[in-house]
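Ready for a few warm-up exercises? Open the viewer, try each task yourself, and then walk through the solution.

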Amino acid sequence: MSQNITPTHGVDRVLQRLCDASATIGGIVLVAIACVTVVSVIGRAFFSHPILGDVELVQLGCAVVVASFLPYTQFRQANIIVDFFTTGTSEKTQSRLDAFGTLLYTLVLGLVAWRVAVGGVDIKANQETSMLMALPLWIPYMLMVPGLVLCAVIGLVQTLQHLGLIAKEDV
């Protein structure tokens, strides 16, 4: 379940600010995608002239948006969890299971961030571009990396907090 976390100092405060910045960037990109879609639909409907490559822009932008929103969701602990089997267990057991789940999530996000970064470097080296607009494909790849890395860092901090190795710094 989502938690209303408002840290006032420490690592959690820095992570919160980074998450807010990442989500803001994602929101701006999302609004831009919506505007491109609206202009393209209006152009197609009324002027028989849509934006060339609008689907490419939406696809590339959506990848950046998702990667930008992931850290905010992880920081707020708003990812979907299934706690049906753990509701009867002790708080200590639940915390350990949460730590294990968060660690798995962190490892997967770290792997994804690494592979997206490597993919972006390879795509740049091969000078790959989108089909219609010839946009360099490495740009959205590299724009995804900061959000994915931030999400992995947040997961690592939360894992350590679940294990009691670092203090939870909420108010």
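**Exercise 1. Decide whether V118 is buried, exposed or partly exposed.**

Start with the number: V118 has 24% relative accessibility. Now the cut-offs: buried means under 20% relative accessible area, exposed means over 50%, and partly exposed lies in between, using a 1.4 Å probe and protein chains only. So V118 counts as partly exposed, because its value is 24%. To find V118, go to helix α3, residues 91-125; helices here are DSSP runs (H or I, at least four residues), numbered from the N terminus. For a sense of distance, the C-alpha atoms of V118 and L52 are 29 Å apart, with their positions 66 residues apart along the chain.

A word on the ground rules: this is a predicted model, where local features need pLDDT of at least 70, side-chain atom pairs need pLDDT 80 or more, and totals for chains, interfaces and linings use all residues. Residues are numbered from 1 along each chain as its sequence is written, and side-chain values use heavy atoms, leaving out hydrogens and water.

**Exercise 2. Find out which side chain makes a polar contact with the side chain of D12.**

First, locate D12 in helix α1. Next, check its surroundings: D12 counts as buried because its relative accessibility is 6%. Then look for a partner, and you'll land on the side chain of Q161, at 3.2 Å. A polar contact is a pair of N or O atoms within 3.5 Å; within protein, one must be able to donate a hydrogen and the other to accept it, and residues adjacent in sequence count only if both atoms are side-chain atoms.

**Exercise 3. Compare S48 and A134: where are they, and what is phi for each?**

Take S48 first: it's in the loop between α1 and α2, and its phi is near 50 degrees. With 67% relative accessibility, S48 counts as exposed. Now A134, in the loop between α3 and α4: its phi is near 55 degrees. A134 counts as partly exposed, at 47%. Each phi is a positive value in a residue other than glycine.

**Exercise 4. Work out which rings have a charge sitting over them.**

The test is that NZ of Lys or CZ of Arg is within 6 Å of the ring centre and within 35 degrees of the ring normal. One hit is R115, whose charged end sits over the ring of W114, 4.7 Å from the centre. Another is K124 over the ring of W138, at 4.5 Å.

Definitions and conventions
Helices (H or I, at least four residues) and strands (E, at least two) are DSSP runs, numbered from the N terminus.
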